[in-house]
Amino acid sequence: MKLWKTLAGLTAFALMVSCDLGTPPIGSGGGTEVEGVIVDQHGAPAANIWVRVYPDTSLSLSKGADVNATFLAIRDSARTNSSGAFKFPNLPSGTYNLVAWFKRNDTTMTLFRRSIVVNGNLNLGTDTLRAAGSLKLKVSIQGTSISGAVCQIAGSPFLAVSDLEGHCTLTGLPPGVYHVSVNVEGLPQGTTGPIAVVSLQVTPAGTLNLVWVAPGPPLTPPVLTAPAHNGEARDIATLSWNAVAAATSYDVQASTDSSFSTLIVNDTARVGLSRAFTVTNGAVYHWRVRARNSISLSNWSPVRRFTGKSTPLDCIIAASEAPVLISPAHLAKLANPVALSWGATCGAAGYRVQVGKDSAFNSLAYQNDSVSALTVSVALSGSFTYHWRVSAKLSTGAWAAWSPARIFQTDSSAALAKPVLVSPANGASGLSTVTLSWSSTVSGANAYVVQVATDSMFNNLVRADTQTTMTLSTVATRTYTNLDFSKTYYWRVFALGSNGTSVSEKRRFTTAPFVDVVLLSPPLLTAPADSAMNLARVPTFSWGAVTGAAYYHIQVSTVSSFATVAFSDSMVTGTSKTGYTLNTGTRYYWRVRAKSSSTETGAWSTVRMLLTEYPVDTPNEAPWLMSPADSTTNSNVVPVFAWAPVSGAAYYHLQIARTANFTSLVFSDSAFTGFSKTGITLLSNTRYYWRVRAKYDLTQASAGPWSPAYTLTTEGSTPAPSSDWDTRASGTTVGLYAVASRPSDSLVVAVGDGGAILTSLDKNTWTARSSPVAARLNGVTWGANQFVAVGNGGIVLTSSNGTTWTARTTGVTANLYSVIRDSAYFVAVGAGGTILYSLDGSTWQAQASGTTNALYFITSGAGKLVVGGANGTLRTSSASTIPGASWTGVASSTTNGLHAGAWSGTQLVVVGAAGVIISSANASTWTQRASGTSQSLNGISGSGGSFKAVGANGVILASVNGTTWTSETSPATSALYAITRVKSQWVAVGIGGTIVTSY
């Protein structure tokens with residue numbers, strides 16, 4: 001069939017727009033039965049639907065799936081049953097187009113599956129009916145509409161010819177992405193070049209317009225601007241690039257591997273010059289951009305890489321604290337202008353500075369509410385006494401408390417001090433990107449001049465740059481990236497002020513030789529296997545080769561953090577290393593990273609653990625404990641501990657402790673020669689743990705395995721209080737920020753950094769679960785027969801069993817910090833005053849909170865919902881459930897951040913920064929309570945009228961009424977962030993994978 005003719009000088013134009021119609025299943029031969037299932041857009045079976053097949057040569061679909069098309073034979077049609085299933089019992093072998101045709105409520109729904117190859121029994125699986133759409137193209141050249149252009153979906157009979165206005169209309173198309181070829185006759189004189197490569201997405205009843213224009217000059221790759229190469233991005237990375245002339249959109253890709261085989265960001269034809277996404281703490285990202293317009297596509301830009309960083313939750317909380325003033329010292333005498341500096345407030349978005357002529361700051365000499373650095377230079381007149389203070393700006397836009405004020409005096413006669421050079425050190429060599437830094441707190445200086453020269457007399461200057469002090473930190477920097485390779489330079493800094501000029505010492509440095517930078521992947525460790533046991537003392541370590549590596553760096557340590565290293569070699573030229581002599585019976589950790597010839601190092605591999613062999617004569621069995629029997633109650637306070645002998649043992653080691661991990665020992669002796677011990681007096685009415693191991697000699701290396709730990713509770717007249725705590729192995733070192741339990745079986749779920757999810761049925765043994773996200777999870781709750789967890793970037797996850805989790809869409813990107821189940825809904829709160837609610841945990845809606853302050857917690861009690869957060873924000877709902885509830889601010893009597901709240905049945909209690917505790921019986925009137933600590937309190941749980949609260953440095957507080965609080969001995973030293981009651985026990989979680997439980 002001839003659709004157009006080719007004229008001399010004519011160019012055929014291909015509009016390449018992908019059509020994703022699915023990969024046809026192929027039969028396996030041996031039969032002629034074809035079957036499948038069809039469902040509607042909601043997943044329900046589509047009954048009484050005609051399914052028809054046409055030979056692939058048929059053009060009956062050229063105007064869409066024509067319902068009146070003539071069937072080949074009745075055998076070539078089938079009808080779905082009540083389950084949506086259809087079957088062709090005897091379809092001849094061949095290649096077919098398959099069409100399902102259905103109308104419901106005047107809406108045409110079609111399914112078009114092309115190129116079905118039948119050469120045996122064939123099961124097509126399940127397909128979904130979708131509404132038919134249309135594709136409308138306008139073909140015009142240099143503003144002139146082109147009629148008679150032939151528009152055809154590549155490889156199919158769908159085609160149309162443009163009308164007098166240049167419109168081609170293709171109808172009856174299922175949703176998808178299509179390749180369309182456009183062939184044009186009679187082009188205007190001088191018009192050349194191919195038509196654009198464009199992706200067109202067909203949606204139900206959708207119309208898309210394409211205007212062809214004459215080709216222009218080739219597009220150049222975009223210049224990437226941020227993040228800097230090898231830099232960092234905190235929480236959310238905003239990729240940005242410079243505009244390219246004639247470009248209309250850009251393709252953006254980001255990946256955690258330099259080959260871009262797995263894409264985290266893959267935007268096509270993005271309008272604008274930036275793309276933001278949430279990063280994972282510690283992950284290394286590679287990214288690139290290319291430009292496009294309707295007729296051209298540039299090459300990819302050079303690849304950049306950066307590392308993702310997460311702002312810790314305790315950093316967000318700390319942002320509500322006042323900055324610490326650094327310089328000038330209190331009552332200092334200074335020259336004008338005066339440099340004021342202060343310490344960074346973790347999580348602060350900026351600072352404001354006031355200089356007053358009186359202590360109440362009623363008469364201001366200077367105020368700046370938009371300071372982004374940690375110092376300002378203030379020009380003041382004459383000799384006078386001034387007061388100054390600083391406040392941090394929170395991410396919500398609110399201001400934290402003012403710092404304590406300091407006083408200084410100006411002295412117009414003071415001379416400028418010399419700037420102090422900081423780095424690089426004098427004589428430094430091998431520098432590529434050179435960053436010069438110096439102290440920028442010279443009193444009276446209003447600018448600095450940096451000089452860089454090739455001679456020590458500074459006759460041959462290559463740079464002389466002026467720096468002002470207005471936006472600098474306490475250490476100023478100037479970075480140079482275009483200095484010559486392998487060359488020695490000299491540098492110095494001048495301070496300039498109204499009282500004269502001063503100059504620093506001079507230093508020299510040498511730049512690095514030119515090298516090709518190679519991006520190195522982490523090596524894949526091969527042997528020994530992870531957790532290998534009983535290894536020889538001189539093992540062979542081996543790993544896979546890394547492309548571009550010239551050397552490998554191996555480290556072996558007895559601690560998983562590698563804070564101390566037993567062995568290290570950074571110049572291994574092969575993929576294995578032997579010769580290290582390890583101690584017997586010792587646990588070691590090892591890792592490897594690759595190095596290029598330029599000495600650039602790649603990322604460390606994963607860490608593996610091994611355990612070396614014990615001496616041959618080491619006892620390999622644990623003693624059998626005989627008495628007291630396990631779980632003995634009402635034991636004598638002077639019990640007899642006895643155990644069975646172990647063959648080959650010369651000594652026994654007995655331990656008795658108050659905690660299950662034996663961190664709180666009350667007795668330990670490693671040199672028993674018998675099989676029993678008495679005479680140890682224990683406390684009454686107290687639980688103890690005891691265990692024994694056998695030893696060949698008096699050295700620790702000869703010790704065999706410990707016996708299982710037995711428990712006993714000594715006699716007493718009253719029940720022992722459950723106020724003792726023990727640490728549990730979590731199996732992770734990431735921060736844990738929330739914990740919740742399922743009442744039916746006490747299943748406990750803890751969540752935290754990197755999407756971490758841990759579960760436990762006994763509160764002692766914890767199992768890591770697969771998470772569908774890598775962002776931090778800040779809150780978790782149980783309700784309506786499911787767990788719901790929330791986190792950074794508006795993340796919500798749900799699970800019915802704590803093991804399998806599903807990500808849900810919330811429609812927000814704000815960080816979510818807390819979630820509860822009220823009487824009918826799940827309610828989550830977060831940054832910027834965000835409040836979301838959901839009936840089922842899957843579909844979420846926003847509700848106005850009346851505040852833009854960050855909300856760190858939500859709880860319920862006294863017939864109301866209570867939310868709180870930054871700057872002492874406290875708001876209550878008009879009802880015990882939402883939607884329909886309005887929110888009212890109540891006085892919290894504090895400006896400190898409020899981090900968590902709980903209801904015990906009679907009292908609402910809220911805890912926060914600086915040891916703040918407030919309580920209320922009605923959610924309206926709140927009273928401050930003495931906590932006995934100034935540590936930040938991060939979590940609280942209430943049950944049966946009593947409370948437990950946890951916070952920084954492992955602090956644990958207890959109260960039986962919410963009013964009077966006492967401190968409990970805590971086994972944790974790092975910050976605890978959440979706590980919950982699980983039947984008779986408390987479980988708390990925190991930084992570094994810390995988990996502690998009461999017993």
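**Aromatic pairs and charges over rings**

Tyr-489 and Phe-509 are both buried in this predicted model. They also belong together as a pair: with ring centres 5.7 Å apart and planes at 25°, the two rings count as stacked, because planes under 30 degrees apart meet that criterion. The contact joins distant parts of the chain, since Tyr-489 belongs to strand S42 (residues 488-497) and Phe-509 to strand S44 (residues 507-511), with the two positions 20 residues apart in numbering. Across the whole structure, the search returns 23 aromatic pairs.

A second stacked pair is made by Phe-567 and Tyr-580, with 4.7 Å from centre to centre and an angle of 15° between the planes. Here too, distant parts of the chain are linked: Phe-567 lies in strand S49 (residues 567-572), while Tyr-580 sits in the loop between strand S50 (576-577) and strand S51 (587-595), 13 residues apart. What of their exposure? Phe-567 has a relative accessible area of 24% and is therefore partly exposed, whereas Tyr-580, at 8% relative accessibility, is counted as buried because the limit is under 20%. Both residues take part in one aromatic cluster, together with Phe-541 and Trp-590.

Charged side chains also meet aromatic faces in this model. Lys-357 is placed over the face of Phe-384, 5.9 Å from the ring centre. Arg-389 is likewise found over the face of Trp-402, at 4.1 Å from the ring centre.

Terms used
Residues are numbered from 1 along each chain as its sequence is written. This is a predicted model: local features need pLDDT of at least 70, side-chain atom pairs count only at pLDDT 80 or more; totals for chains, interfaces and linings use all residues. Side-chain values use heavy atoms; hydrogens and water are left out. Rings of Phe, Tyr and Trp (its six-membered ring) pair if their centres lie within 6.5 Å; planes under 30 degrees apart count as stacked, over 60 as edge-to-face and the rest as tilted. Helices (H or I, at least four residues) and strands (E, at least two) are DSSP runs, numbered from the N terminus. Buried means under 20% relative accessible area, exposed over 50%, partly exposed in between (1.4 Å probe, protein chains only). A charge sits over a ring if NZ of Lys or CZ of Arg is within 6 Å of the ring centre and within 35 degrees of the ring normal.
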